[in-house]
Amino acid sequence: MKYIFASAVVLFLFVKNVNATIFYISTTGNDITGNGTISNPWKTLYKATSTVVTANDIIRVNAGVYTETMQCLLAPGVSIEGDGVASVLKSTLTADFIPLLSAISPEGTNGNQHISNLKFDGQNLSTFWGINIAGRSNVSIHDITMVDFKDRGILFNGRNDNVDGPPSIYATGNTLYNSTILNSAAYNTPNGIYGRGAINIGGQDGMLIYNNIIIQNQRPNGFNGWPIKYLNNGYLKGVKIYNNTITKIPSTSTFGGQNGWDFAVELFNVQGLEMYNNTIQGSLDFNYQDNRGVYPYSIYIHNNTISQPALSAFRESGIIIEFSVDGLIVENNVFNNISSAIAFYPRAGTVIKDVTVKKNLFSNIGQINNSEGYMIGGFNGAVGSWAINNFEVYNNTFISATGNAAPFFAVNLTSSVSFTVNAFKFKNNIIQGLRNNAIVSNDLSKFTNSQIQYNDLFGNGDNVNIFYYQASATSLNSTNTVSNNLAVNPLFMGGGNYNLQSSSPLINAGVNVGLPFSGSAPDIGYAEANIALPVKIINFSVEEKNEKNILQWTTATESNSSHFNIERSSNGQDYEVIGRVNATGFSSSNLNYNFTDAAPLTGINYYRLAMIDKDNSKEYSSTVSILSKSNQSLSILAAQLSTGKKDITLKIASTQNQKATLIIFDQGGRIILNEAINLQKGVNTINKITPTISKGIYYLKLFTSDATAVKNIFTTE
């Protein structure tokens, strides 16, 4: 969760443009006599979007609830800003396929605009769509809350029509971040039994989706769509989805589609897709994936947690690959409380090429009363011939569920149709708790040039034979190698920690597969012991330019480095992640990096770097600090919200005597407290009584006529 709420402190800070004219709407405004000025505002967003058409201009939605009776059409270059959840947009429109806010242009149009700090309310599923962006590039939607839309929440379409297929001009530069999307995706409606998305994307090149909370579990079973879904058959290039919380309602289906599907994300026709640092409940389903020589991979899934709250009697999947795949990397993920972790469902002629599954933890894998669990499988559901060519499974740890939920096998390469397996490499893995063997196939004669080596089998039904096959199946031919596999207790740390103890017989017991290791040889399993730290930093500094803080650092060496998380604090103790910069990976010469904090906190800003390597090891840099020159008149120094005492205690710094409004709201946008307070110059201690609240994360907003401060609060007991 630390990644998801990293940017909460910059909610509601409005983008300024020196060339922009700001037009206002207010609940006390007038569409007939108003002129959109701050002193004489309009009353509706419809009036504003119909009137404001000049690029760089901004429509400012003052706090209040606006119920639009007409569809709002947003011109290219025009942005919309509000007061966060206090600026609420609703619509009386109920017709199918009609959004509250529409931004449609010819393909390739430069939108150059943002929609931010607003709440979109679908009024208990009465409004069909929330926001529809079509044909435009460089559109940013951020810091919004969207709830209760009937069919779909936000649509980003490279096309400007509703025809399936790639656009003639892909949309570029679109972003969605720091937003909360709830209950805005349908399944099984009168328009068809298929899933929609709370977020829908198609025809995008380089789109970024990050730091969002997307939850679709509020409707009855069988009626929840997907948090993220393709649009017009997808066609997505270089898209990155990271640092999100993505939640789909748990499955209640004994077979796919019975009560909906367990998909949290479903994407078609992808190239160069990267998903990382997400917390996901539900499966990731991909169709038609190809790197086409442009990207080093078709899909790269790393450093995610894919988990269910508890093991289920129903099938809960992790990653699903349908049709062919060319270049799939699944690395450094945690799969927990699910049945089928990585499933392949081939069709006729499917080729599964250049797949790498490495350094993942698979824990409590299985299905209650069914034994339908595996690390890699699904091939037995193929509807046509298929082939594997170069499939590497290195340094994973697989821990099966117990009792009647324990799977029979970890890898199932069984199929009732014609298949071939070439260069299947299974090395340095720990397999524990199965009913039978690590790998099963119904025809070993189909294997060529495969290597099954240096794995540890412990606590399985059969620890002697790594393969299980029917008596009629032939044995492996001489092109294949099965050797140096162990059957020893790995000696985990225990208590759910699957790192190895220092006395583990698996330390230095593996074979070199190209992954970094710390001893004389790699360890077996997903967590290498005593691995060297990834980066040596020789300089880290911060300076202020144009009310922005510019961070710069230099690395002298890098070894297996993945990325830098930039962390910020107002007190030098409590840090939050505000950004990420990818590292080079391997270098012995000086490399320079930088990051811009475009919205520093008022007062002192403390910064540090979390240096993350590709095995998820972490080291912190030294801390640097700078005094912000912002003229904002107030800041939140500390906040504590208690579930036991039903109160909140705040420390607020104010540069003057002034009145302010205090709002507390939860992740769903529900306002917990909304009160006026009086601030004295200096540090103020404020205590307020709150209604009964549950444990969780809440947002606190404090604003005056000319300043806004926001902080996220983790409740205490």
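Asn-277 counts as buried in this predicted model, because its relative accessibility is 5%, under the 20% cut-off. The residue sits in the loop between strand S26 (273-276) and S27. Its phi is near 55°, a positive value in a residue other than glycine.

Asn-243 makes a good companion to look at next. This residue is found in the loop between strand S23 (240-242) and S24, and its phi, near 60°, is also positive in a residue other than glycine. Asn-243 counts as buried because its relative accessibility is 5%, under the 20% cut-off.

Here are the two asparagines side by side:

| Residue | Loop | Phi | Relative accessibility |
|---|---|---|---|
| Asn-243 | S23 to S24 | near 60° | 5% |
| Asn-277 | S26 to S27 | near 55° | 5% |

Now to strand S24 (residues 245-248). Thr-245 and Thr-247 point one way from S24, Ile-246 and Lys-248 point the other way, and all are buried. S24 pairs in the parallel sense with strand S20 (residues 213-216) over four bridges, and Thr-245 is the bridge partner of Ile-213. S24 also runs parallel to strand S27 (residues 279-281), joined by three bridges; here Ile-246 stands opposite Ile-280.

Finally, the empty space. The model has two cavities of 30 Å³ or more. The second largest cavity has a volume of about 80 Å³. It is lined by 14 residues, and the closest to its centre are Ile-249, Pro-250, Asn-259, Gly-260 and Trp-261. By type, the lining of this cavity divides into four nonpolar, eight polar and two charged residues.

Technical notes:
Residues numbered from 1 in each chain as written. Predicted model: local features only at pLDDT ≥ 70, side-chain atom pairs only at ≥ 80, totals over all residues. Heavy atoms only, no water. 1 Å grid on protein atoms, 1.4 Å probe; cavity = no way out; pocket = protein on both sides within 12 Å on 5 of 7 lines; lining within 4 Å. Points joined across faces, edges and corners; volume = space filled by probe spheres on them. Nonpolar A, V, L, I, M, F, W, Y, C, P; charged D, E, K, R; others polar. Buried < 20%, exposed > 50% of the residue type's maximum accessible area, 1.4 Å probe, protein only. Helix = DSSP H or I, 4+ residues; strand = E, 2+ residues; numbered from the N terminus. Pairing = 2+ DSSP bridges.
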